Amino acid sequence: MAIKASVRERVRERADFACEFCGISETDAGGQLTIDHYRPKNKGGDNDHTNLIYCCPRCNQYKLDYWPTRPDDLQLWNPRLDPPTHHFLLLDDGTLHPLTEIGAFTLRRMRLNRPPLVAHRLRRIRAAEETRLLTHYCDLVRLIEQLLIQQTALMEEQQKLLHEQRELLEQILHNREKSGE
Ligand SMILES: [Zn+2]
């Protein structure tokens, strides 16, 4: 039985329109992605939304209908149950490092360190770093601006004091001149 359009839409939205395995978005892929049955239909999986994962065609192609059948078969990471940080560590070079057995198996099986994905992650890392630097720079400029405003206020205050001082001195001089008459 085909997946209902409403369920498909729910799965898309829930995944924020990106592959739940590798993070590639519809915008990155240039079109809608596919719906994967975490437990394949031919291995007893159903069309319930809890068994459906939004998945890019490439990840789907590597996953196929994998399902552990023998006792020592490994389980694939289920992005519906565990966050990626549970199984993978993102390194500065854009590669994923496995933290668990499930992570290591999923990395191998789904080729999650395939070069275009690593390049994609590197681009994201660099963009995030640029944003961080720009935010920092913006904070600095704001700080300098505030300092200048404070400095201007201080200078105005100083000017006022000098003015008062001058008036006082002039008054003293005037008084002296008067008393010397
Ligand atoms: Zn993917």
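**Close-up views of a predicted chain**

This is a predicted model, and its pLDDT averages 95, with 99% of the residues scoring at least 70. Confidence bottoms out in helix α2 (residues 26-29), where the mean is 94, and peaks in β4 at 98.

**View 1. The whole chain, with its 6 helices and 4 strands.** Walk along the sequence and you meet the elements in the order α-α-β-β-α-α-β-β-α-α. The C-alpha atoms take up a box of roughly 120 × 35 × 30 Å along the principal axes. How does the radius of gyration compare with that of a compact globule of 181 residues? The globule would come in near 16 Å, but this chain has 33 Å. Buried residues account for 16% of the 181 residues. As for contacts between residues at least 6 apart in sequence, 55% of them link residues at least 24 apart.

**View 2. Helix α6, running from residue 115 to residue 180.** This helix has 66 residues, and the distance from its first C-alpha to its last is 96 Å. That is close to the 98 Å you'd expect at 1.5 Å a residue. How many of its 66 residues are buried? Just 2, so α6 is hardly covered. As a reading aid, an α-helix has 3.6 residues a turn, so residues three or four places apart point the same way.

**View 3. Strands β1 and β2, side by side.** Strand β1 (residues 34-37) pairs with β2 through 4 bridges, and the two run antiparallel. Look for threonine 34, which sits opposite cysteine 55 of β2. Side chains in a regular strand alternate between the two faces of the sheet. So which residues of β2 (residues 52-55) lie on which side? Leu52 and Tyr54 are on one side, Ile53 and Cys55 are on the other, and all of them are buried, which leaves both faces of the strand covered.

**View 4. The loop between α1 (5-14) and α2, home of aspartate 16.** Is aspartate 16 buried or exposed? It counts as exposed, because it has 11 C-beta neighbours inside 10 Å and the cut-off for exposed is 12 or fewer. From aspartate 16 to glutamate 26 is 10 residues in sequence and 9.3 Å in space, C-alpha to C-alpha. Phenylalanine 17 belongs to this loop between α1 and α2 as well. Its phi is positive, about 60°, even though phenylalanine 17 is not a glycine. With 15 C-beta neighbours inside 10 Å, phenylalanine 17 counts as partly exposed.

**View 5. Leucine 64, in the loop between α3 (57-63) and α4 (84-87).** Here's another residue that is not a glycine but has a positive phi, this time of about 50°. Why does leucine 64 count as exposed? Because it has 10 C-beta neighbours inside 10 Å.

**View 6. Leucine 91, in the loop between β3 (88-90) and β4 (96-98).** Leucine 91 has 13 C-beta neighbours inside 10 Å, so it counts as partly exposed. Now find arginine 142: how far is it from leucine 91? The two are 51 residues apart in sequence, and their C-alpha atoms are 33 Å apart in space.

Note on methods
Residues are numbered from 1 along each chain as its sequence is written. This is a predicted model: local features need pLDDT of at least 70, side-chain atom pairs count only at pLDDT 80 or more; totals for chains, interfaces and linings use all residues. A residue is buried if 20 or more other C-beta atoms lie within 10 Å of its own, exposed if 12 or fewer, and partly exposed in between; C-beta atoms are placed from the backbone. The radius of gyration is taken over C-alpha atoms; the globule rule is 2.2 Å times the number of residues to the power 0.38. Two residues are in contact if their C-beta atoms, placed from the backbone, lie within 7 Å. The expected span of a helix is 1.5 Å times one less than its number of residues. pLDDT is the predictor's confidence in each residue, from 0 to 100. Two strands pair if DSSP finds at least two bridges between them.
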